[in-house]
Each structure stands twice: as C-alpha cells, then as structure tokens.
Amino acid sequence: MASNEFQPLQGMSDIQAPEIYLWRMMEERAREVFTAYGYDELRTPVLEKITVFQRSLGETTDVVKKEMYSFKPSKHELAMRPEGTAGTMRHLAGRGEEGLNARVFYIAPMFRYERPQAGRKRQFHQVGVEATGEANPLADAEAIALQKSLLDAWGLTGSTIKVSTRGEPDDRKAVAEGLREALRPHEAALCDDCQRRIDENVLRVIDCKNESCQKIVDQIPSPLEFMSEASRSYLDQVIQALEAMDVEVTVDPKLIRGLDYYVHTVWEISHSALGAQDALAGGGRYLIDLGKKSIPGVGFAVGFERAIMALEACGITGAQFAPEGGVWLVSLGENALMENMKLAAELRARGVRCGMELAAKSMKAQMRKASRSGAAKVIIRGDDELEKGIAQVKDMAEGTQQDLSLEEILRDA
C-alpha cells in the first residue's frame, strides 16, 4: 500500500508530540488569561445551518461564496463552520437578555476550502472571544488589550497593533459611494477580483494584496474621510483608552476587515517573526444580523497555526513544554513486574506521573525509555529488592542512587 494512504487529507494535519505540547501550553494559557478577564468558555457544534453564516458573514464574501464546506442531507443545507463568531452569536441569541451582555471564548477547529499554504490549513484552529453589548469604545480597547495579553502569555511579545474604524452603520453607504467614485478612474488597472469587488464589496479593494492595486489605493482618500464626525470621535476614544492601559497602537486608516458585520473599531496585530507576511491576528466590533435579531459586540480570533509559526520563529517549540518529572519503574523479573504494577497504581492515585514497561525488557532498554520519558527518578526493583522490601531509587539529574523502603517512596511521592 502506498505511503500516502496513511496521510491526512490535503490541508489537514495530524498533531503529535512534541508539537502537541506547544498546543497544550497555548490552550492552557489562553484559558488562564480569559478567566482573568472574566470570560467563560463556549463550545458550539461544528455543523450549522448554512443560513447562520450567510446572514452573519454576508452572501457576497469570499468565505460564503467560495470557501465553505456545505452539503444538503435533508431539507436544510448545512455548513461546517468557517469561523467562530457566527455560531457563537446564534447561541447567544437564544439566551435572551443574558446573551446580549455575555463574555465568552472558544478554542475550536474551523474549516475552509482554500489553497493550503504556510500557516493556512483547510482544517485550522482558532482561539477567540466575543463580548456582546452596545457599542462602547472602552470595551473595544479592553478587547485589544486582552488579545495583546494573550499573545504575551504565549511568548509573542513585541507584536505591533494597527487600528482603524469601519464607522457607524449609517456611514456604510457614503463610504462605499466615495470609494467607488475614487476608484472608477483606475478601474482598468485593478486586478480582476477588485474590478468585481468595486460593485460587490468595495472595501475588499482596500486590502487587496496585489501590488498594482495597492498603488492605486495609496492614491485615493481613506475610508475615514467619508465617515461621520461621530465615527472618527469614537475611534479617538478607543485610542485614548489604550494609551491609558499603556497599549501601543498605530492608526492605519486603510485597515479594513472584509466581513460585512464589522462596525466601528477594527484592528490587526502583526509580528516581525513572520517575515514579510507578518499579519498574525485581528478583531473588531460587529453587528451580527441573525434575521429576527441583531447582536452588537466586539471580539477577535487568533489562528493557532499562524501563531505557532511565529513562536517557532522565535525559538519556542513544543519540546520545551514536554512533560517532566515523575518516576519511571524498572522491573527486573516477572515478580517485580507485577509488584510494580501495584506500585504504579498507588503512585498515580497520589497524582504522581508514573510510567513503566508492561512486558519483560532488559535493564538497558528500560533505562533508555526512562530517560526519554523525562522522569526525575527511576525506581528499580528485582527479586532481591522485593525480598528486602526496598527499591533502588536513581535521581536522573544528579546521577545518584540510594536504597529506600516502599514506605519512604510513597511518603515522598
């Protein structure tokens, strides 16, 4: 059988040791940071009715039009979640007033059918937060500070934060018309996608990565120039709050978020460890349309795969977080093997990390396994030790060895 028969699907990955230890560190520290900020964890289904994403993300977005995994097993068309916010809002909408003032976070896999590339998978993983409630510059500033705290906790210090605004919902028409008018004279020089976006979703032209499109965008007014004074004032208040918390940011008027539900504050965080393509994560304030109800809030998401690329570029790897300590039991003979099974159960019941071979192996082979396990101590027992009621206990760091009674071993565990 060909070796590729045992590989995961294209754009999807198996995550194993030692890399998994980095994932576990990130998950654990994320939960600690979110708890400190007063957020509760939420787990929503992978599958949702496709209308959850169509209403929330907008039917003209690339995510909805091109990238969702969808199918129709019955009367409802379903889709695997391409991002975390829409499903979270669907859940919160069902909680009535409580859901309109919630602070939740999620750590979950997402799915998009797109060309796999570095840091971008078809099954990828995100950690994100959502804080529902009416528009409030202080809430936006706190969410930005929270995301920075998360990255710092992971070891990604020195990140750069850019902020901007989508303005109030009433600004949207004026912004779109202003940008279309400014772009029309340059339309022929835009890429094919941006020529289509002028009429469908003109803001996406602003963040096109095509070099010729970027040059044109640099020549036209920024979206902020078409917004109301109230929208620009809101952004000023966000900046003031961030300054009060000693969070450094740069205002980038041409920073936008492509999804339709964003209003007011949007931001993007980058890190130099990622090189030229340094975008790491982002977030923003939104107004999610769920048909019968609209939910305002602010939130962000960070892709694990992208963050891991930055961590590894900084020299932070999974091996640094591999389990350490505990003991390894070495059994010399069948009697010792059975007695060590009993000892292992007692140690594990006391919360001690404990490993051992479950079949007869040579002393040398067992010691190699003990060394690879990262155990702090090795407990060696054979027939002689069993008869005397003792064990040889070796300190792996010091290289010293002493005889201890079973009672002493359990007492010190």
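This passage describes aromatic contacts, a nonpolar surface patch and the strand pairing around E10 in a predicted model.

Across the whole structure, a search identifies seven aromatic pairs. One of these is formed by Trp-154 and Phe-304, whose rings meet edge-to-face, with 5.8 Å from centre to centre and 65 degrees between the planes. Because Trp-154 belongs to helix H5 (residues 137–154) and Phe-304 to helix H11 (residues 304–313), the pair ties together parts that are 150 residues apart in sequence. Trp-154 counts as buried, with a relative accessibility of 1%, and Phe-304 likewise counts as buried at 1%. Together with Trp-23, Trp-154 and Phe-304 make up one aromatic cluster.

At the surface, Val-46, Leu-47 and Phe-71 make a nonpolar patch of about 220 Å². Within this group, Leu-47 is placed in strand E2 (residues 47–49), and its relative accessibility of 37% is that of a partly exposed residue.

Strand E10 (residues 279–289) is mostly covered, eight of its 11 residues being buried. Strand E9 (residues 262–270) runs antiparallel to E10 and is joined to it by six bridges, with Ile-269 standing opposite Ala-281 of E10. E10 also pairs with strand E11 (residues 294–303), again in the antiparallel sense, over nine bridges, and here Gly-282 is found opposite Ala-301 of E11. The strands E10 and E11 form a hairpin in which four residues lie between them, and Gly-291, located in the turn, has a positive phi of about 90 degrees.

Terms used:
Residues numbered from 1 in each chain as written. Predicted model: local features only at pLDDT ≥ 70, side-chain atom pairs only at ≥ 80, totals over all residues. Heavy atoms only, no water. Phe/Tyr/Trp six-rings, centres within 6.5 Å; stacked < 30°, edge-to-face > 60°. Helix = DSSP H or I, 4+ residues; strand = E, 2+ residues; numbered from the N terminus. Buried < 20%, exposed > 50% of the residue type's maximum accessible area, 1.4 Å probe, protein only. Patch = residues over 30% accessible without salt bridge, like charges linked within 9 Å, V, L, I, M, F, W, Y side chains within 5 Å. Areas by Shrake-Rupley, 256 points an atom, 1.4 Å probe, with all protein chains shown as cover. Salt bridge = Lys/Arg side-chain N within 4 Å of Asp/Glu carboxyl O. Pairing = 2+ DSSP bridges.
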